[in-house]
Amino acid sequence: MSTGKINVSVENIFPLIKKFLYSDHEIFLRELVSNATDATLKLKHLTSIGEAKVEYGNPIVEVKIDKEGKKLHIIDQGLGMTAEEVEKYINQVAFSGAEEFLDKYKDSAKDSGIIGHFGLGFYSAFMVAEKVEIITKSYKDEPAAHWTCDGSPEFTLEAHDKTTRGTEIILHIAQDSLEFLEEFKIRELLTKYNKFMPIPIKFGTRKETLPKPEDAPEDYKVEEVEVDNIINNPAPAWTKQPVDLSDEDYKSFYRELYPMQFEEPLFNIHLNVDYPFNLTGILYFPKLSNNLQIQKDKIQLYQNQVYVTDNVDGIVPEFLTMLKGVIDSPDIPLNVSRSYLQADGNVKKIANYITRKVADKLKSLFTDSREDFESKWNDIKVVIEYGMLSEPKFFEKAGAFALYPTIDGQFYTLEELKDKIKENQTDKDGKLVVLYASDKDAQHSYVETAKAKGYEVLLLDSPIVSHLIQKLETENENLTFTRVDSDHVDNLIKKDDNQISKLSDEEKEKLKTVLEQLVPKTTYTVQLEALESNVAPFIITQPEFMRRMKEMSASGGGGMFGMGNFPEMYNLVVNTNHELATNILNSTDSVVQEKLVKQALDLAKLSQNLLKGEELTAFVKRSFEMIK
């Protein structure tokens with residue numbers, strides 16, 4: 001037996017501190033199971049190139065709880081270590097066995113799946129254990145070794161009678177970490193971190209019913225046997241080639257990732273690239289509402305099938321964090337700050353690749369089955385519109401598949417829409433005017449008026465539509481968007497050139513004076529317009545610029561697009577050709593005149609959902625009085 005001190009110097013302890021000081025203690029299990037997997041994959045590689053003259057077999061990694069003895073065992077059937085290797089890889093803390101192995105076999109081990117980034121993880125065991133033992137036997141014909149350490153720099157290393165190849169780590173769980181002796185806790189951690197490890201992981205056993213023989217008698221007793229309970233899927237869908245997967249395979253994997261998610265995804269995007277970086281994965285488009293505050297952090301990041309995090313900020317473009325799925329890459333630096341991630345050139349390339357891949361997939365879906373794509377538009381538009389706003393390269397590509405639906409359920413690309421409206425919706429400056437509603441029920445009367453004039457009206461109701469419109473107008477100089485209830489009256493209730501007011505200029509001035517005395521000046525600007533007599537007598541519109549600024553401020557919530565508060569300002573458009581305008585003008589009873597104006601104004605406010613509280617109560621009461 002030998003004893004000694006572990007070589008932990010100031011120089012090589014810092015990476016350890018950096019890696020674990022602020023981490024959850026629970027990651028110790030991820031590290032140890034990852035090491036066991038590494039040892040197994042290394043053996044697989046050495047046997048495949050003929051360097052290890054042993055039978056690889058069907059190795060597994062086993063995790064066992066000894067609650068009575070307060071011990072947790074992690075057992076593998078991998079490479080194992082000689083006493084000399086224990087000295088080198090365990091006692092010389094600064095070494096990483098996986099990284100050294102990869103360096104030595106860098107050509108032949110390129111696709112071996114060896115993790116290589118968790119080398120120092122063994123010492124995470126001391127976050128939960130008061131003593132750790134290693135019992136290990138190398139695949140080489142050398143005696144087994146037994147290493148013991150109680151968390152201090154002192155250790156013992158002696159021979160052991162283990163005869164089978166592989167390594168067993170025994171953790172003597174500390175008093176303040178007894179939760180890690182509970183079966184449900186270990187199962188939870190293995191499921192979280194090791195669910196897709198490339199080597200089968202056994203945790204306990206389960207009973208399995210043997211199939212009943214065809215010639216079994218009627219009184220045949222069904223036989224049950226105990227089998228290994230393998231809790232992981234060593235070959236998840238993202239590790240396979242897309243040509244080898246069916247639609248059902250993708251849906252099945254989605255259910256495996258999100259067992260509590262009952263809605264099927266709309267479609268998926270399979271990522272697979274090996275140059276200039278390695279990245280695989282599957283992203284799913286779930287059904288999304290118009291709410292930008294939907295739950296994010298649903299994309300899981302793996303490193304060689306080892307779960308790392310579900311916070312993929314900086315790696316996945318922000319607009320795609322609303323998707324679900326898996327990304328696996330050995331090239332993403334892990335235990336570093338987010339600012340480092342954002343500055344890392346490899347990470348930027350990965351984010352750009354994902355953006356391009358998603359755009360290409362959306363374009364192919366649109367091209368291959370436009371009708372199906374249109375049917376899903378309302379469920380995916382928030383992601384696409386957000387991407388158009390936040391990623392210039394995505395905006396460029398989105399012109400080929402971004403859709404603009406009409407009130408009547410027709411869908412156009414922007415270029416198709418321009419062709420559709422160029423004859424009938426051009427303003428005095430020669431710009432194409434795109435009319436749209438953001439709430440087809442609240443703006444119904446305005447929509448109907450516009451449609452009666454032969455205008456095409458879009459339904460743009462996402463929470464970021466104001467920002468998107470600004471972007472589209474900036475990128476298309478000859479295009480302007482106008483909401484149907486805005487103050488661009490020409491676009492809403494077109495004044496025919498031969499439409500003449502029934503009132504003289506003198507009468508109009510008198511009417512305007514009456515109205516301005518009765519209508520609140522702080523909120524409404526009175527405008528007299530000669531419109532068709534069947535158009536409403538009072539119409540409230542909003543200054544287009546002010547309304548957009550308010551919407552952009554509201555959608556930003558003080559955050560991404562927050563711009564402060566804006567006053568309530570509206571235009572009151574009075575149709576001088578309507579009979580009510582004449583009645584107000586000619587009324588000699590000031591009380592009746594005031595009632596007419598008040599009632600007409602309240603009806604206009606009601607159509608814009610501006611009549612609330614006491615005003616609404618008074619309006620209802622007044623209306624019943626008039627009926628009576």
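Reader: Let's start with E448: what is its relative accessible area, and is it buried, exposed or in between?

Author: Happy to begin there, keeping in mind that this is a predicted model. Residues between the 20% and 50% cut-offs are called partly exposed. E448 falls into that class, because its relative accessible area is 37%.

Reader: Which residue forms a salt bridge with E448?

Author: Look along helix α12, where E448 has a partner 3 residues away, about one turn of the helix. The closest N and O atoms of the pair are 3.9 Å apart, within the 4 Å cut-off for a salt bridge. The partner is K451.

Reader: K451 also forms a salt bridge with another residue; which one, and where does that residue lie?

Author: This second pair links distant parts of the chain, 43 residues apart. K451 sits in helix α12 (residues 444-452), while its partner is in the loop between β15 and β16 (411-412). K451 is partly exposed at 30% relative accessibility, and the partner is partly exposed as well, at 48%. With the closest N and O atoms 3.0 Å apart, that partner is D408.

Reader: Which residues are joined into one network by salt bridges that share partners?

Author: Side chains of opposite charge can pair when their charged atoms come close. A search of the whole structure finds 27 salt bridges. Those that share partners make one network of E26, E179, K185, E188 and K192.

Reader: How many residues apart in sequence are the parts tied together by E62 and K202?

Author: The side chains of E62 and K202 meet in a salt bridge, 3.5 Å from N to O. Both count as buried because they are under the 20% cut-off, with E62 at 18% and K202 at 13%. E62 belongs to strand β2 (residues 61-66) and K202 to strand β8 (residues 201-209), so the parts tied together are apart in sequence by 140 residues.

Reader: Turning to the inside, what is the volume of the largest cavity?

Author: The count comes to 2 cavities of 30 Å³ or more. For the largest cavity, the volume is about 130 Å³.

Reader: Which element gives the largest share of the lining of the largest cavity?

Author: The lining has 18 residues, and the closest to the centre are E385, L403, Y404, L460 and L468. Elements that give two or more residues are α9 (370-390), β15 (404-405) and α13 (465-475). By kind, the lining divides into 14 nonpolar, 1 polar and 3 charged residues. The largest share, 5 residues, comes from α9.

Reader: On the surface, which residues make the nonpolar patch of about 330 Å²?

Author: Helix α19 (residues 613-627) is a good place to look, as V620 is found there. V620 can count towards a patch because its relative accessible area of 37% is over the 30% cut-off. The patch is made by V620, F624 and I627.

Reader: One backbone check: what are the phi values of N304 and Q305?

Author: Most residues other than glycine have a negative phi. N304 and Q305 have positive values instead. N304 lies in the loop between β12 (299-303) and β13 (306-309), and Q305 is in the loop between β12 and β13 too. Phi is near 50° for N304 and, for Q305, near 75°.

Reader: Are N304 and Q305 buried or exposed?

Author: The cut-off for buried is under 20% relative accessible area. N304 has 17% and Q305 has 12%, so N304 and Q305 are both buried.

Notes: Residues are numbered from 1 along each chain as its sequence is written. This is a predicted model: local features need pLDDT of at least 70, side-chain atom pairs count only at pLDDT 80 or more; totals for chains, interfaces and linings use all residues. Side-chain values use heavy atoms; hydrogens and water are left out. On a 1 Å grid over the protein atoms alone, a cavity is a set of points where a 1.4 Å probe fits but cannot get out, and a pocket is an open set with protein on both sides within 12 Å along at least five of seven lines; lining residues have an atom within 4 Å of a point. Grid points are joined across faces, edges and corners, and a volume is the space filled by probe spheres set on the points. Helices (H or I, at least four residues) and strands (E, at least two) are DSSP runs, numbered from the N terminus. Ala, Val, Leu, Ile, Met, Phe, Trp, Tyr, Cys and Pro count as nonpolar, Asp, Glu, Lys and Arg as charged, and the others, Gly among them, as polar. Patches are made of residues with over 30% relative accessible area and no salt bridge: like charges are joined within 9 Å, nonpolar side chains (Val, Leu, Ile, Met, Phe, Trp, Tyr) within 5 Å. Accessible areas come from the Shrake-Rupley method with a 1.4 Å probe; for residues, only the protein chains shown count as cover. Buried means under 20% relative accessible area, exposed over 50%, partly exposed in between (1.4 Å probe, protein chains only).
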